[in-house]
Amino acid sequence: MLVIIGKDYDGMSREAANIVADRIRRKPNLVLGLATGSTPLGLYRELIRMYKGGSLSFSKVITFNLDEYIGLPRTHTQSYAHFMQENLFKHVDMDPHYIHIPDGLANDIDAHCEWYENEIQRWGGIDLQIVGIGANGHIAFNEPGSSLGSRTRIKTLSQQTIEDNMRFFKKKDEVPKFAITMGIGTIMEAKEVLLLASSSNKADAIKAAVEGPITAMVPASIIQMHRKAYVILDREAAAKLTQQYEQR
Ligand code: GLP
């Protein structure tokens with residue numbers, strides 16, 4: 001696990017973007033796992049900048065998003081499909097046929113989850129997976145207590161996640177209570193994992209994930225078992241770490 005501490009949010013985003021861009025340049029048909037949330041926004045902005053500058057193309061890239069809320073249509077402003085469209089896809093040369101996001105309106109959710117897993121395999125598995133971290137240590141929507149071997153499935157959101165997400169909805173009861181999420185086992189099968197965290201409200205989760213014991217109560221701690229993982233932080237998210245790490 002390589003921990004890299006950027007000077008600030010922009011520094012962290014640039015470090016992450018350089019890794020993603022490097023992998024796309026080496027393998028134009030990269031299978032790229034994508035995350036939502038405020039944390040990867042800077043990374044996506046940087047990738048868009050590279051595309052507009054002519055140094056990066058997404059035309060052959062295949063993407064798989066980590067998760068989606070159940071019950072929200074793709075057009076809902078808070079759906080992750082909408083988020084990806086607005087914050088990355090519509091600004092670059094992605095082929096819409098290569099975009100995969102779980103369908104929050106699927107009739108048979110179990111069958112859809114199985115299809116999603118098979119689809120990842122059909123494309124040869126995820127080469128590089130981007131993940132954020134919840135303040136409670138969750139990755140994607142794998143809340144504390146999730147099986148460390150779990151696969152894509154439906155999950156009930158924890159009270160803390162519902163409260164964290166409330167800021168995006170008009171009323172508390174509009175916040176979805178269920179999501180489809182890649183499992184921890186699915187994420188761990190990616191050839192490389194890039195975990196991003198910024199700001200002080202993630203410092204406890206990062207301390208637990210990077211230096212604490214591996215436990216299902218801190219799903220992100222499984223990253224310690226990954227063969228090729230990068231943890232890219234800003235100084236605030238790294239503030240509670242006690243070991244020496246690469247400062248950029
Ligand atoms: C949601 C997403 C996660 C994300 C987390 C943190 O729960 N499902 O994938 O990592 O939010 O979001 P933010 O980056 O906004 O703190």
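A polar side-chain atom of Asp67 comes to 2.8 Å from a nitrogen atom of the ligand, and that is a good place to begin looking around. Keep in mind as you go that this is a predicted model. Tyr80 also turns up here, with a polar side-chain atom 3.5 Å from a nitrogen atom of the ligand. For an oxygen atom of the ligand, look to Lys202, where an N or O atom in the side chain is 2.6 Å away. Taken on its own, the ligand has 390 Å² of accessible area, and the protein covers 91% of it.

Which residues are around the ligand? Asp67, Tyr80 and Lys202 are among them, and you can also find Gly37, Ser38, Thr39, Gly132, Ile133, His138, Ala140, Phe141 and Arg167 there. Sorted by class, this shell holds four nonpolar, five polar and three charged residues.

Now step back and ask where the ligand sits. Its place is in the largest pocket, which has a volume of about 700 Å³. A total of 35 residues line this pocket, and those closest to its centre are Thr36, Gly37, Ser38, Asn165 and Arg167. Three elements give two or more residues each to the lining: strand 4 (67–69), helix 3 (80–87) and helix 5 (159–165). Helix 3 gives the most, with five residues. In the lining of the largest pocket you will find 13 nonpolar, 17 polar and five charged residues.

From here, let us move on to the second largest pocket. About 160 Å³ of space lies in it. Its lining is made up of Arg74, Ala81, Gln85, Phe89, Ile99, His100, Ile101, Asp103, His112 and Trp115. Helix 3 appears again, as one of the elements that give two or more residues to this lining, together with strand 5 (99–100) and helix 4 (109–122). By class, the residues lining the second largest pocket are five nonpolar, three polar and two charged.

The last stop on the tour is a cavity. How many cavities of 30 Å³ or more does a search of the whole structure find? The search finds one, and about 40 Å³ of space lies in this largest cavity. To locate it, look for Val131, Ile139, Ile187, Met188, Val193, Ile222 and Ile223, which line it. What classes do these lining residues belong to? Seven are nonpolar, with no polar and no charged residues in the lining.

If you would like to trace the route again, start with Asp67 and its polar side-chain atom 2.8 Å from a ligand nitrogen, go on to the largest pocket, where the ligand sits, then follow helix 3 into the lining of the second largest pocket, and finish at the cavity lined by residues including Val131 and Met188.

Definitions and conventions. Residues numbered from 1 in each chain as written. Predicted model: local features only at pLDDT ≥ 70, side-chain atom pairs only at ≥ 80, totals over all residues. Heavy atoms only, no water. Near = heavy atom within 4 Å. Polar contact = N/O pair within 3.5 Å; in protein donor to acceptor, adjacent residues only side chain to side chain. Areas by Shrake-Rupley, 256 points an atom, 1.4 Å probe, with all protein chains shown as cover. 1 Å grid on protein atoms, 1.4 Å probe; cavity = no way out; pocket = protein on both sides within 12 Å on 5 of 7 lines; lining within 4 Å. Sits in = over half its atoms within 2 Å of the grid points. Nonpolar A, V, L, I, M, F, W, Y, C, P; charged D, E, K, R; others polar. Points joined across faces, edges and corners; volume = space filled by probe spheres on them. Helix = DSSP H or I, 4+ residues; strand = E, 2+ residues; numbered from the N terminus.
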